Every structure is written in structure tokens, then in C-alpha cells.
Amino acid sequence: MERLKIEDARPHFFKIIYGEDVKQHLRIPPAFMKHLSQETSNRATLTGPSGSHWSVTVSTDANGTYLQKGWKEFMKENSLGDNEFLTFRYDGNMQFYVKIFNKSGVKREAVPVSGNNIGKRARGRPRKRPVGLQDLHKQQLHGSEEGPGQSSKIFGKTAKPFTSQSPHFTAGMTKANVKKPFFLRIPRSFSAAAQFPPSRRKVVLRDSAGKAWDVICIKGQGNHYLSGGWRSFACHNNLKQGDICKFELVSMDEMQVHVL
């Protein structure tokens, strides 16, 4: 109880994600600035639900004070969209702890995403409990790896044989891949062959048209996941639940994606 009292006494403000301006930078409410009046740093640190940190510049003009450079990365890597609700708790020394609430008003739980937080509280009835990486792993069981020229069976369908001397894997798109929370689990043997590090990294996904996307690859519960940036790739390529994709490693940082 004592800990709750201390946390409740800390200054807070909230923001609703809506419109284009807030996706570029976030304006700190003028009335909140009294809590920052003694601060001299032009950088702030945001801590998300996952416990990961983002460094963001703080700038002031005639219209107010803004979280600017680094804010878009925070938005992207936490998969924030319109009508999601954020609370900012100020812990001093330009340190903010951010809670994220989805459109239904349910708080996003403290599980990793873009190297950081993947997952939100489960929706639906009867059970209401946090969705963690173990749950997300169960949501994507339709994936396989195969050798050169071998075919794989996913969703009861046999994918076309795929010939490549490079490491590759097959993934059947599940709901979690093509709708929120938008993530894709990478098989462990592929991660080992690709020598993915245990820390967060950026990889490039290239589609059949040659267009490239920067995507955040993270590690959690023994698996690597594609998270921040995967949503843009999936939506642009109109991926649907039940689609089958082949991911082929063409360089240390790049995968060619073949939609079958």
C-alpha cells in the first residue's frame, strides 16, 4: 500500500493518439511544465510497458514544449494507433513511465514488444489475463522449416516446393500476424543459422516488388520475433489469415519474403 501511495503522488499527464500531429511529436501540456521548470536537459527518457527505454529530444517553440526526435520511433515500436490512450508518469530527471491503453480501455500489459513490448491483454470471454510471449507463441504454431526442394504442410495445405541454398522458413499467417498485436515468430533453428543476436536489431524485409521495410527483430522466451515495422509490411502486402509466406535470408540483415 505504501508503494501505491508514492506512485500516486507522482505527477501525471495523459494523451490520446489522434490525428497526424501527435504521430510526429507530442506536446507536453503547458500546465504540466511546472514540474519540469528546474530541468535543464534537452532529452527525456520514455520507459514503455515492456521496461525498455527510448531517448527523445525535448524542444520548445512559441506553441509549447514537445517530445520530438525519437517520438516516432516510440510510436512505431509500440504499434500505437488512433484512439489509444497514454498516461505519462514523471519520475524526475526527465524520466517518464508510459502506460498504454487500447481502444477498449484495457491497459497493455508489461510484456516485451519491438525489442520491447509484444502483446496486449487478451480480449473476449470468459478469461481475462495478460497475453505474454508464451501465449503469443501458441498463437503462431503454423510455421515450419524445410530443406532445399522440400515442401511443407501448413493449415492443412501443402506449400509449393522452395529451392534455396540460403536459410529459409515457412510461416502460415495467423490472426496475431496480420492483426494486433502484429508480430511474427521466427523459428529458433532459422535464428541460429542467421546468427541473430540476443539483443534487439533491425532487419530488412523485401517483398516481390523489391520494396524494402525496416523491421525490428527482438528476442523473448527463447525465440526471435518480428515486431515494429512488421505491421506496415503485412498491411502493405495485404497479408490475410491463412496466407503462406516463405522468408529467405539473402544477407546478414535482409530477408526476401515470398507470398505463395
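The following exchange concerns the nonpolar cores and aromatic pairs of a predicted model.

Biologist: Which residues touch the most other members of the largest nonpolar core?

Modeller: In this core of 25 residues, they are Leu226, Trp230, Phe247 and Met255. Among the elements that give two or more residues to the core are β13 (201-206), β16 (244-251) and β17 (254-259). A second, separate core has 24 residues, including Phe32 and Tyr90.

Biologist: How many aromatic pairs does a search of the whole structure find?

Modeller: The search finds 18.

Biologist: Why is the pair of Phe32 and Phe96 called tilted?

Modeller: The ring planes stand at 40°, which is neither under 30 degrees, as stacked requires, nor over 60, as edge-to-face requires; the pair is therefore tilted. The centres are 6.4 Å apart, and the limit for a pair is 6.5 Å.

Biologist: What parts does this pair tie together?

Modeller: Phe32 lies in the loop between β2 (26-28) and β3 (43-47), and Phe96 in strand β7 (residues 95-101), so the parts tied together are 64 residues apart in sequence.

Biologist: Why does Phe96 count as buried?

Modeller: Its relative accessibility is 2%, and buried means under 20%; Phe96 therefore counts as buried. Phe32, at 5%, is buried as well.

Biologist: What makes Phe183 and Tyr225 a tilted pair?

Modeller: Their planes stand at 50° and their centres 5.6 Å apart, so the pair is tilted.

Biologist: How do you know that the charged end of Lys211 sits over the ring of Trp213?

Modeller: The distance to the ring centre is 5.1 Å, and the criterion asks for within 6 Å, together with a position within 35 degrees of the ring normal. The charged end of Lys211 is accordingly listed as sitting over this ring.

Methods:
Residues are numbered from 1 along each chain as its sequence is written. This is a predicted model: local features need pLDDT of at least 70, side-chain atom pairs count only at pLDDT 80 or more; totals for chains, interfaces and linings use all residues. Side-chain values use heavy atoms; hydrogens and water are left out. A nonpolar core is a set of buried Ala, Val, Leu, Ile, Met, Phe, Trp, Tyr and Cys residues joined through side-chain atoms within 4.5 Å. Buried means under 20% relative accessible area, exposed over 50%, partly exposed in between (1.4 Å probe, protein chains only). Helices (H or I, at least four residues) and strands (E, at least two) are DSSP runs, numbered from the N terminus. Rings of Phe, Tyr and Trp (its six-membered ring) pair if their centres lie within 6.5 Å; planes under 30 degrees apart count as stacked, over 60 as edge-to-face and the rest as tilted.
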